[in-house]
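Reader: I have a structure open and some questions about its surface, its backbone and its pockets. Can we go through them in that order?

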Amino acid sequence: MPRLTTILGLESSCDDTAAAVVQREANGSAQVLSNIVVGQNDLHKAFGGVVPEIAARAHAEKIDLCVEKALNDASVDLNEVDAIAVTAGPGLIGGVMSGVMCAKGLAAATGKPLIGVNHLAGHALTPRLTDGLEYPYLMLLVSGGHCQFLIARGPNNFSRIGGTIDDAPGEAFDKTARLLGLGQPGGPAVQQEALSGDPKRFRFPRPMLDRAGCDMSFSGLKTAVLRARNEVMQDETILIQDVRDLCAGFQAAVVDVLAEKTRRALALYLDENPTVPALAVAGGVAANTAIRAGLESVSADLGVTFTAPPLALCTDNAAMIAYAGLELFEAGHRDGMDLSARPRWPLDTASAPMLGSGKKGAKA
């Protein structure tokens, strides 16, 4: 009987402290034995966004408790773990360091292998964990800080064929929510208000649809929302229906852009004649039901299988890190105690940076 492989994963790249245990079963499938996520929304809500210093301190206080609970919920002893996987970037450097240092301590104490995981790879490989997708598949990674079309060919082999040249959709959702006085995180808040809004009242631009290719831009859309808001405000107040209509119009524009750019990305991907063509979407913004519906419609038009992970695995979590670590472990990858926390870490290192680079490396 094949031996089971068990991986402990740690995630602390932004404002969620997480630990999980994932196991490869005898039949080859992967099972999430536990998935613990401790959020920080209450710590940051007064500031209108994530405060890196506060986030890092909270990670340092909670990461070991998350590990303990993840092991207990999985009924797995630390000595039974085959390797320890941890997000080593990209992300807020203080938070990433908290996770990396905890993982190093656990690896040193137990003698278990250490595996540094790219946070984006965790999202990109989640459809293999949840749906068993075969390589290669087209991945739309859409979150608060990233938006990329990637052809996933292996656990450490991704080709980027397009992405955002400025704000990611999640960032645009958060900024729109702040402009309209809604809570954070902005994605769920805007989606909720959009349910009661008229998406046709405000005709917002669909940036870069007049340009060939799969690249996107969302900063101008956010500015258009600001101008429309200012036009309907009276004495620095805004009616709730105006807010709902603005949210609906903004969300409709994002859906249209993502749908059309996905159609173009699928055309490029299908040129490679994949055996089982599939489109997967992951990342926090993938939890938006309107965006999912738009992508599913495009996939159906082109005869491509569409898959999206459960909502709990779209946002930051450690199960995706443990699974990515599992694939890397099985491929023979190991890291030493010199593993560094990285604020920037593009998945496709062969392509030119989309958003420029500096001393900290390429952004995307």
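**Surface, backbone, pocket**

Author: Start with the surface of this predicted model. I93, M97 and M101 make a nonpolar surface patch of about 280 Å².

Reader: Where does I93 lie?

Author: I93 is in helix α3, residues 93-110.

Reader: And why does I93 count as partly exposed?

Author: Because its relative accessibility is 36%, and partly exposed lies between under 20% for buried and over 50% for exposed.

Reader: Backbone next. Which residues does a cis peptide bond join?

Author: One cis bond joins G89 and P90, with omega about -15°. P90 sits in the loop between β4 (83-89) and α3. A cis bond also joins Y135 and P136, with omega about -10°. P136 is in the loop between α4 and β6 (137-142).

Reader: What is the usual case?

Author: Most peptide bonds are trans, and most residues other than glycine have a negative phi.

Reader: What about the phi of S75?

Author: Positive, about 55°, although S75 is not a glycine. S75 is in the loop between α2 (52-74) and β4.

Reader: Is S75 buried or exposed?

Author: Exposed, because its relative accessible area is 65% and the cut-off is over 50%.

Reader: Now the second largest pocket. How much space lies in it?

Author: About 260 Å³. It is lined by 21 residues, and the closest to its centre are G116, N118, N156, H333 and W345.

Reader: Which element gives the most to the lining of the second largest pocket?

Author: β5, with three residues.

Reader: How do the lining residues divide?

Author: Twelve are nonpolar, seven polar and two charged.

Terms used. Residues are numbered from 1 along each chain as its sequence is written. This is a predicted model: local features need pLDDT of at least 70, side-chain atom pairs count only at pLDDT 80 or more; totals for chains, interfaces and linings use all residues. Side-chain values use heavy atoms; hydrogens and water are left out. On a 1 Å grid over the protein atoms alone, a cavity is a set of points where a 1.4 Å probe fits but cannot get out, and a pocket is an open set with protein on both sides within 12 Å along at least five of seven lines; lining residues have an atom within 4 Å of a point. Grid points are joined across faces, edges and corners, and a volume is the space filled by probe spheres set on the points. Helices (H or I, at least four residues) and strands (E, at least two) are DSSP runs, numbered from the N terminus. Ala, Val, Leu, Ile, Met, Phe, Trp, Tyr, Cys and Pro count as nonpolar, Asp, Glu, Lys and Arg as charged, and the others, Gly among them, as polar. Patches are made of residues with over 30% relative accessible area and no salt bridge: like charges are joined within 9 Å, nonpolar side chains (Val, Leu, Ile, Met, Phe, Trp, Tyr) within 5 Å. Accessible areas come from the Shrake-Rupley method with a 1.4 Å probe; for residues, only the protein chains shown count as cover. A salt bridge is a side-chain nitrogen of Lys or Arg within 4 Å of a carboxyl oxygen of Asp or Glu. Buried means under 20% relative accessible area, exposed over 50%, partly exposed in between (1.4 Å probe, protein chains only).
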